[in-house]
Amino acid sequence: MLRRILIGIGIMVGIFLLFKFCDFKKNDDDDISYNTNLIQQQIVNVGKLVVTEGHFSEVITYKNQQKYLLDMISFEKKALIVVNADVTVAYDLHKMKYDIDEKNKTITIISIPKEEIKISPDIQFYNVEQSKLNPFTGDDYNKINKSVKANLAKKIEKSSLKTNAQNRLISELSKILILTNTMGWKLQYDGKVIESEKDFGQQIKL
């Protein structure tokens with residue numbers, strides 16, 4: 001009789017421990033699922049358009065000559081052109097590609113989008129001189145617009161605008177780093193673990 005009671009108690013203890021183990025596994029899975037959803041939500045929040053704005057101005061002189069009769073006669077047109085341009089440098093983080101490894105609690109940033117540069121010039125003409133035999137045409141305006149944008153692109157490269165935009169990008173991405181560190185996850189990019197905002201600055205290749 002006593003033996004049966006002991007066997008019964010043993011079975012009950014075994015069933016209890018089995019349920020506890022299963023419950024522990026369930027809670028562990030729930031935690032992983034919760035953490036994954038939280039991280040995905042944070043990446044969605046970060047995934048926005050990061051924009052840095054700048055303003056550039058320049059003054060150029062446009063000249064063109066039409067020559068006739070073995071260059072003995074020429075008709076010139078010219079204008080003073082004042083350019084004011086608004087420039088934006090943007091990163092659309094919705095285009096960022098990443099992978100979430102739940103098992104190893106690791107987020108890997110696969111690729112970061114290139115910057116998008118938008119130049120919006122306001123071109124004003126002054127002191128316009130032209131003749132009926134050499135008037136301003138649509139081709140002239142296209143050439144001027146193309147030249148203006150090319151000059152502005154060179155100015156942007158020499159300015160701090162792209163650097164400022166990249167710093168803002170790093171600041172946005174660091175929000176993911178803070179979350180992963182808080183939750184005991186790892187963040188990787190370009191084959192290396194990112195542990196600080198400084199690491200982002202050193203590793204990001206755009």
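The following dialogue asks how the terms used for this predicted model follow from its values.

Mentor: Because the model is predicted, local features need pLDDT of at least 70 and side-chain atom pairs count only at pLDDT 80 or more, while totals for chains, interfaces and linings use all residues. Residues are numbered from 1 along each chain as its sequence is written, and side-chain values use heavy atoms, with hydrogens and water left out.

Trainee: How do you know how many helices and strands the protein has?

Mentor: Helices (H or I, at least four residues) and strands (E, at least two) are DSSP runs numbered from the N terminus, and on that basis the protein has four helices and seven strands. Along the sequence they follow the pattern α-β-β-β-β-β-α-α-β-β-α.

Trainee: What makes strand 4 and strand 6 a pair?

Mentor: Two strands pair if DSSP finds at least two bridges between them; four bridges join strand 4 (residues 106-111) to strand 6 (residues 186-189), which run parallel, so the condition is met. One of the residues involved is Ile109, whose bridge partner in strand 6 is Tyr189. These strands belong to an open sheet of four strands in the order 3-4-6-7, with mixed pairing.

Trainee: Why are strand 3 and strand 7 called edge strands?

Mentor: Strand 3 (97-101) and strand 7 (192-193) each pair on one side only.

Trainee: Why is the pair of Phe125 and Phe136 called edge-to-face?

Mentor: Rings of Phe, Tyr and Trp (its six-membered ring) pair if their centres lie within 6.5 Å, and planes under 30 degrees apart count as stacked, over 60 as edge-to-face and the rest as tilted. The ring centres of Phe125 and Phe136 are 6.3 Å apart and their planes stand at 75°, so the pair is edge-to-face. Phe125 lies in strand 5 (residues 116-129) and Phe136 in the loop between strand 5 and helix 2 (138-158), so the pair ties together parts that are 11 residues apart in sequence. Both residues also belong to one aromatic cluster with Tyr62 and Tyr141.

Trainee: What makes Phe136 buried or exposed, and what of Phe125?

Mentor: Buried means under 20% relative accessible area, exposed over 50%, and partly exposed in between (1.4 Å probe, protein chains only). Phe136, with a relative accessible area of 12%, is therefore buried, whereas Phe125, at 27%, is partly exposed.

Trainee: How do you know that Lys77 lies over the face of Phe136?

Mentor: A charge sits over a ring if NZ of Lys or CZ of Arg is within 6 Å of the ring centre and within 35 degrees of the ring normal; Lys77 lies over the face of Phe136, at 5.6 Å from the ring centre.

Trainee: What makes a set of residues a nonpolar core, and which residues have the most contacts inside the largest one?

Mentor: A nonpolar core is a set of buried Ala, Val, Leu, Ile, Met, Phe, Trp, Tyr and Cys residues joined through side-chain atoms within 4.5 Å. The largest has 40 residues, and those with the most contacts inside it are Ile39, Leu173, Ile176, Leu187 and Phe200. Helix 3 gives the most to this core, with eight residues.

Trainee: What makes the phi of Asn127 worth noting?

Mentor: Most residues other than glycine have a negative phi. Asn127 has a positive phi of about 50° although it is not a glycine; this residue lies in strand 5 and is exposed, with a relative accessible area of 58%.
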